[in-house]
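Biologist: Got a minute to walk me through this one? I'd like to go through it question by question.

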Amino acid sequence: MARFHYRVLDSDGSARQGVLEAVDRQALALQLQRQGALVLHIEPAGGRWLAWSPRRGLSAQALVAFTQQLAILLHAGLALDRALGILNNAPGKAQAPVRALIGRVRERVQAGQPLSAALALEPEQFAPLYLSLVRAGEAGGALQDSLRQLADYLERSQALRGEVINALVYPAFLVVGVLGSLVLLLAYVVPQFVPIFQDLGVPIPLVTEVILGLGQFFNQFGLMVLAALIVVGLLTRRALRDPDRRLRWDRRLLGWPVLGHLVRRLEAARVARTLGTLLENGVALLAALKITCEVAANRAVRAQLQDATEQVKGGGSLARALSHDNQLPDLALQMIQVGEEAGELDTMLLKVAEVFDAEARRSIARLLAALVPTLTIVMAVLVAFIMLAIMLPLMSLTSNI
């Protein structure tokens, strides 16, 4: 038996969390589902230094493909059991865990469970958002339409995430190249000139002494500095797992001049798309807000959504609730208020997502357009400074001769 920390939504929409013992995650998910709860998250209890485990089953791309193909098969009139069977037996390069996952879902459907209940027993693969939309589609008799909208949501989210990652690849390699070149110069090239200058007996300028001292330091203690940086990174990551510290860090992050504005736009797009998609598929506002809280990556935004959920539960409007301790862009709140007044909150939320998706892409493009030449100039200046420090004593020796 292992201990697991869980978070669920009860049948009345209230959130609940705790620690329970179970054989594995699936057994705990089944136990919680039998109690009528919607599983939000399950993870092993205990403090690990590195909260990482290999992901098995559906990747993000595979989940989009599975959802799209299942929606197409259901729209063609096939029964759910047969559609799952076709996906399970489809030719291709699907890995064994993926086929096993689809097979388990199909067996539960054949046993009489609805698709949402069958998927809920795989909490590592299907998020609460996914389960809620599937459940709403089943309740409304339009499962294929919900799956199609869900596939579109996943595809858009994955596309934005992929664009961000792809845009950061080149700057990341450039930063590594700059730091690697500087460390190589300081740790291996510069120390070669120390005995030369000592043998020549020429006066050494202060800037050259500083560069030579840095070179000797990195040559002797470079590996220790690298190990210290790794330890500091691990300690920082462990510290940020504390909810209060993470909340303070995320709140400060939103206040940064450039990066903070970008994070606000990304969070606004993510929150608006999630909430709008849930509302469009018939999910109640309170349940949709609680699921959206789990989607928000920034803890300050998540705290704002949790406070807004409590205020909406008391009868307040969503825009007014979000205006307190606002962490989202003002334009988003104004559009949400217009959507509430017009009775088209779901449509306006999806428009908010489109607007801030576009703004985030433009912000990333502008940031990269400035970052790449800036890093190049910084590297050129530093290398020139190091070379000048080395050349000054040699130039002094030449003038004396």
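Modeller: Sure. One term before we start: contact here means heavy atoms within 4.5 Å. And keep in mind that this is a predicted model.

Biologist: Okay, let's take Gln304. Which residues is Gln304 in contact with, leaving aside its neighbours within four places in sequence?

Modeller: Gln304 sits in helix H13. With the 4.5 Å cut-off for heavy atoms, and with neighbours within four places in sequence left aside, the list for Gln304 is Leu322, His324, Asp325, Asn326, Gln327 and Leu328.

Biologist: Is Gln304 buried or exposed?

Modeller: The cut-off for buried is under 20% relative accessible area. Gln304 has 2%, so the word for Gln304 is buried.

Biologist: Now Asn298. Where does Asn298 lie, and why does Asn298 count as buried?

Modeller: Asn298 lies in the loop between helix H12 (285-295) and helix H13 (299-313). Anything under 20% counts as buried. Asn298 makes that class because its relative accessibility is 3%.

Biologist: Which backbone nitrogen lies 2.9 Å from a polar atom of the side chain of Asn298?

Modeller: Beyond four places in sequence, Asn298 is in contact with Asp250, Leu253, Leu254, Val263 and Glu267. The nitrogen you're asking about isn't on that list; at 2.9 Å from a polar side-chain atom of Asn298, it belongs to Ala300.

Biologist: On to cavities. What volume does the largest cavity have?

Modeller: There are 2 cavities of 30 Å³ or more. For the largest cavity, the volume is about 70 Å³.

Biologist: Which element gives the largest share of the lining of the largest cavity?

Modeller: Residues lining the largest cavity include Ala268, Leu305, Leu322, Leu328 and Val352. Helix H11 (259-280), helix H15 (330-342) and helix H16 (345-400) each give two or more residues to that lining. The largest share, 4 residues, comes from H11.

Biologist: And by class, how many nonpolar residues does that lining have?

Modeller: The lining of the largest cavity has no charged and no polar residues. Its nonpolar count is 11.

Biologist: How about confidence? In which element is it highest?

Modeller: The protein averages a pLDDT of 81, and 90% of the residues score at least 70. Confidence is lowest in strand E3 (residues 38-44), at a mean of 70, while the highest mean, 89, goes to H15.

Biologist: Last one: over which residues does pLDDT stay under 50?

Modeller: The model does have 14 contacts beyond four places in sequence for that stretch. The stretch with pLDDT under 50 is residues 47-55.

Note on methods. Residues numbered from 1 in each chain as written. Predicted model: local features only at pLDDT ≥ 70, side-chain atom pairs only at ≥ 80, totals over all residues. Heavy atoms only, no water. Buried < 20%, exposed > 50% of the residue type's maximum accessible area, 1.4 Å probe, protein only. Polar contact = N/O pair within 3.5 Å; in protein donor to acceptor, adjacent residues only side chain to side chain. 1 Å grid on protein atoms, 1.4 Å probe; cavity = no way out; pocket = protein on both sides within 12 Å on 5 of 7 lines; lining within 4 Å. Points joined across faces, edges and corners; volume = space filled by probe spheres on them. Nonpolar A, V, L, I, M, F, W, Y, C, P; charged D, E, K, R; others polar. pLDDT = per-residue confidence, 0-100.
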